[in-house]
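Let's take a walk through a protein and look at its aromatic rings. Have a look at the picture first, then we'll go step by step.

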Amino acid sequence: MKQTLLAVALAGAATLVQAAGFTLSSPDIKANGTIPKSFEFNGFGCAGDNKSPALKWSGAPKDTKSFAVTMYDPDAPTGSGWWHWMVINIPASVSELPGNAGAANSTTLPSGAVQSRIDFGVNAWGGVCPPQGDKPHRYIFTVHALKTDKLDVPPDATAALTGYMINGNSLGKASFTAKYGRPKAK
């Protein structure tokens, strides 16, 4: 029994070491920087271009069968944060998404990739749009390496259900955070 637990612990440690080299970046948004206005939502009082940034990743765990990409605002005044983007079923051979891949009915997502419903109620990118006058919100961009080729979630699945499936199949993840705020109205 002790040897089995030790073997499981060592296998888990090996996976964590491999995931340690997993990185995510964007040529459009600097980690720990400020998100440019072009990535702001266009609606609810926000007037940005509502375009998703280009993202690139490398160093995924060796047994990765697919990827998922998410963008989340933990500071949204909802009690549960706000999901701005979820893309699942990205093939393991892919290591980047081009700018504006999050457009509704995108033609630039990799073959087989699917955008899941986010908190704006759409299956597309929903740009940053914190309430005016709030301190700048943190936006966490994450790529998840998954142990399955495909997450089988319905097109109208909630972000919570999709997140559950992503986390239940995760081999590792890489993230960066950037901030965005809107000044108080005059």
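Is W125 buried or exposed? Keep in mind that this is a predicted model. W125 has a relative accessible area of 3%, and the cut-off for buried is under 20%, so W125 is buried.

Now, who is its partner? To describe a pair of aromatic rings, you give the distance of the centres and the angle of the planes. For W125 and F141, the ring centres are 6.4 Å apart and the planes sit at 20°. Planes under 30 degrees apart count as stacked, so this pair is stacked. F141 is buried too, because its relative accessibility is 0%. W125 belongs to the loop between β8 and β9, while F141 is in strand β9, and 16 residues separate the two.

That's one pair, but the count for this model comes to 10 aromatic pairs. Let's visit another one of them: F44 and F120 are stacked as well, because their planes are at 20° with the ring centres 5.8 Å apart. This pair links distant parts of the chain, 76 residues apart. You'll find F44 in the loop between β2 (42–43) and β3 (46–47), and F120 in the loop between β8 (114–115) and β9 (137–146).

Here's a nice contrast to look for. F44 has a relative accessible area of 66%, so it is exposed. F120, on the other hand, has 18%, so F120 is buried.

Finally, zoom out a little around these two rings. F44 and F120 belong to one aromatic cluster, together with F41 and W82.

Key. Residues numbered from 1 in each chain as written. Predicted model: local features only at pLDDT ≥ 70, side-chain atom pairs only at ≥ 80, totals over all residues. Heavy atoms only, no water. Phe/Tyr/Trp six-rings, centres within 6.5 Å; stacked < 30°, edge-to-face > 60°. Helix = DSSP H or I, 4+ residues; strand = E, 2+ residues; numbered from the N terminus. Buried < 20%, exposed > 50% of the residue type's maximum accessible area, 1.4 Å probe, protein only.
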